[in-house]
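Me: Please take a close look at the interior of this protein. I would like to know what is packed there and which residues touch one another.

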Amino acid sequence: MSAYRRGLRVGATSLTLAALLLSATACGGTTRDNSDNDSGAGNQASGAANPDAAIKEGLKIAFLPKQLNNPYFTVSDGGGKSAVTEIKGEFKEVGPSEASASSQVSYINTLSQQGMDVIVTSANDPNAICGALNQAKTAGAKIVTFDSDTKPECRQIFVNQVTAEGIAENQVKLISQQIGGEGEIAILSATANATNQNAWIALMKDELKKPEYAKIKLVTVAYGNDDDQKSFQETQGLLQSYPNLKGIISPTTVGVAAAGRYLSGSQYKGKVKLTGLGTPNQMRQYVKDGTVDAFALWSPADLGYLAAYAGAALASGQITGAEGDKFKAGKLGEFTVGKDGVVVLGPPTVFDKNNIDQFQF
């Protein structure tokens, strides 16, 4: 994708999307407050960064996705493995089978005990794993979140797919174009407490307040829990509950694929529009059969690749997580750490019948 521009990046190089969202993308968890989660370890940068330091060989880097066997994380973690191989490190992937709030805690504890240099995780909950992550930091591990963040004090770096504002603008624009700028729409999300999903949805609601979207009405937000069958059933329920529904936004790879499957075999095919965040391989048949006009996504493989390099840069002393730190991420070029330790991969790519066969992931 030669037009793929990356935010906060210097000397960016063009690339082609590798095998991949989301959604899945993005699952979630609870948002409970628990004082035990805050150890005071924080993500404050300590020591001085040395951008000229060499990447250490033999770094033990573990990826802990929201759930294993999720196509999105299979691809993103695969990108991480590629990066770890390039730097001659040791790659490990572990994780739960279900994306629940606290399901990642035991894995973090085990990885810490195993002496991992870097733990890269996509959080099911912004709070629930903080205590375990802070203990891992105390034990010497560098913590990188990607795709879905924790509270900033629980990690050093968050590798964000794209700005939340960018996702919201993209998704609302796509559905508006497809329904002719007016009518009822619904959102089919992942879990009710997913950090990234909730941020995107809140911003979508703000986006819909703009004058150009005055004739579009968001009637409800449904939750498929990043489960294929539940997302399928929720799509059916939306169409039964809202007979005038014109469109659905599903900013999760599991949800958008399940919704596409339901619509493609129903009387609503081509009548109720569907967009969201999905992978070309998941959505190709629905684009070609007229169920879906267009959808979007970034490269999950590149996201995992960047997260691995960010972790290696932390563990090698090239960066500390402070705003303004710079590091090189292999084939992706140079990146700059932003406020609160955030590194942004870049804007999403829109896929439709004219370009979808150019991508295989």
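Reply: The protein chain is built from 9 helices and 15 strands. The model is predicted, and everything below should be read with that in mind. Of the 361 residues of the protein chain, 58% count as buried. About 13,800 Å² of the protein chain is exposed, and carbon and sulfur atoms supply 46% of that area.

The nonpolar interior comes first. How many residues does the largest nonpolar core have? It has 79, and the residues with the most contacts inside it are Ile61, Ile157, Val159, Trp298, Leu306 and Phe327. Helix α9 (residues 300-315) gives the most to this core, contributing 11 residues. There is also a second, separate core, made of 16 residues, which include Ala62, Leu64, Met116 and Ala136.

Ile61 is a useful place to start, being among the residues with the most contacts inside the largest core. Strand β2 (residues 60-64) contains Ile61. Is Ile61 buried or exposed? Its relative accessibility is 0%, and buried means under 20%, so Ile61 counts as buried. Leaving out residues up to four places away in sequence, Ile61 touches Val84, Ile87, Glu90, Phe91, Lys92, Met116, Val118, Val120, Ala308 and Ala312. One of these, Met116, belongs to the second core. Ile61 and Gly80 are 19 residues apart along the chain, and their C-alpha atoms are separated by 9.0 Å.

After β2 the chain enters the loop between β2 and α1, where Lys66 lies. Lys66 has a relative accessibility of 0%, so this lysine counts as buried. Which side chain does Lys66 meet in a polar contact? The partner is Asp147, and the contact is 3.5 Å.

Thr121 combines a polar contact with a set of further neighbours. This threonine is found in strand β4 (residues 118-121). Thr121 has a relative accessible area of 0% and is therefore buried. Its side chain makes a polar contact of 3.5 Å with the side chain of Gln104. Apart from neighbours within four places in sequence, Thr121 is in contact with Leu64, Gln104, Ile129, Leu133, Val144, Thr145, Phe146 and Ser148. Leu64, one of these, is also in the second core.

Phe146, another contact of Thr121, leads to the aromatic residues. A search of the whole structure finds 13 aromatic pairs. The rings of Phe73 and Phe146 have their centres 6.2 Å apart and their planes at 90°; an angle over 60 degrees counts as edge-to-face, so this pair is edge-to-face. Phe73 sits in helix α1 (residues 71-86) and Phe146 in strand β5, so the pair ties together parts that are 73 residues apart in sequence. Both Phe73 and Phe146 are buried. A further edge-to-face pair is formed by Phe359 and Phe361, with ring centres 6.4 Å apart and planes at 80°. Phe359 and Phe361 are buried as well. Ring pairs also link Phe63, Tyr72, Phe73, Phe91, Phe146, Trp200 and Trp298 into a cluster. In this cluster, Phe91 is also a residue that Ile61 touches, and Trp298 is among the residues with the most contacts inside the largest core.

The covalent link remains. The structure holds 1 disulfide, which joins Cys130 to Cys154 with an S to S distance of 1.9 Å. The torsion about its S-S bond is about 100°, so the disulfide is right-handed. Why does the pair tie together parts that are 24 residues apart in sequence? Because Cys130 is in helix α3 (residues 130-138), while Cys154 is in the loop between β5 (142-146) and β6 (157-160). The relative accessible area of Cys130 is 0%, so Cys130 is buried. Cys154 also counts as buried, at 0% relative accessibility.

For contrast, here is a residue outside the buried set. Lys331 is placed in the loop between β12 (326-328) and β13 (334-336). With a relative accessibility of 49%, Lys331 counts as partly exposed. From C-alpha to C-alpha, Lys331 and Tyr305 are 9.4 Å apart in space, and they are 26 residues apart in sequence.

Terms used. Residues are numbered from 1 along each chain as its sequence is written. This is a predicted model: local features need pLDDT of at least 70, side-chain atom pairs count only at pLDDT 80 or more; totals for chains, interfaces and linings use all residues. Side-chain values use heavy atoms; hydrogens and water are left out. Helices (H or I, at least four residues) and strands (E, at least two) are DSSP runs, numbered from the N terminus. Buried means under 20% relative accessible area, exposed over 50%, partly exposed in between (1.4 Å probe, protein chains only). Accessible areas come from the Shrake-Rupley method with a 1.4 Å probe; for residues, only the protein chains shown count as cover. A nonpolar core is a set of buried Ala, Val, Leu, Ile, Met, Phe, Trp, Tyr and Cys residues joined through side-chain atoms within 4.5 Å. A polar contact is a pair of N or O atoms within 3.5 Å; within protein, one must be able to donate a hydrogen and the other to accept it, and residues adjacent in sequence count only if both atoms are side-chain atoms. Contact means heavy atoms within 4.5 Å. A disulfide is a pair of cysteine sulfur atoms within 2.5 Å. Rings of Phe, Tyr and Trp (its six-membered ring) pair if their centres lie within 6.5 Å; planes under 30 degrees apart count as stacked, over 60 as edge-to-face and the rest as tilted.
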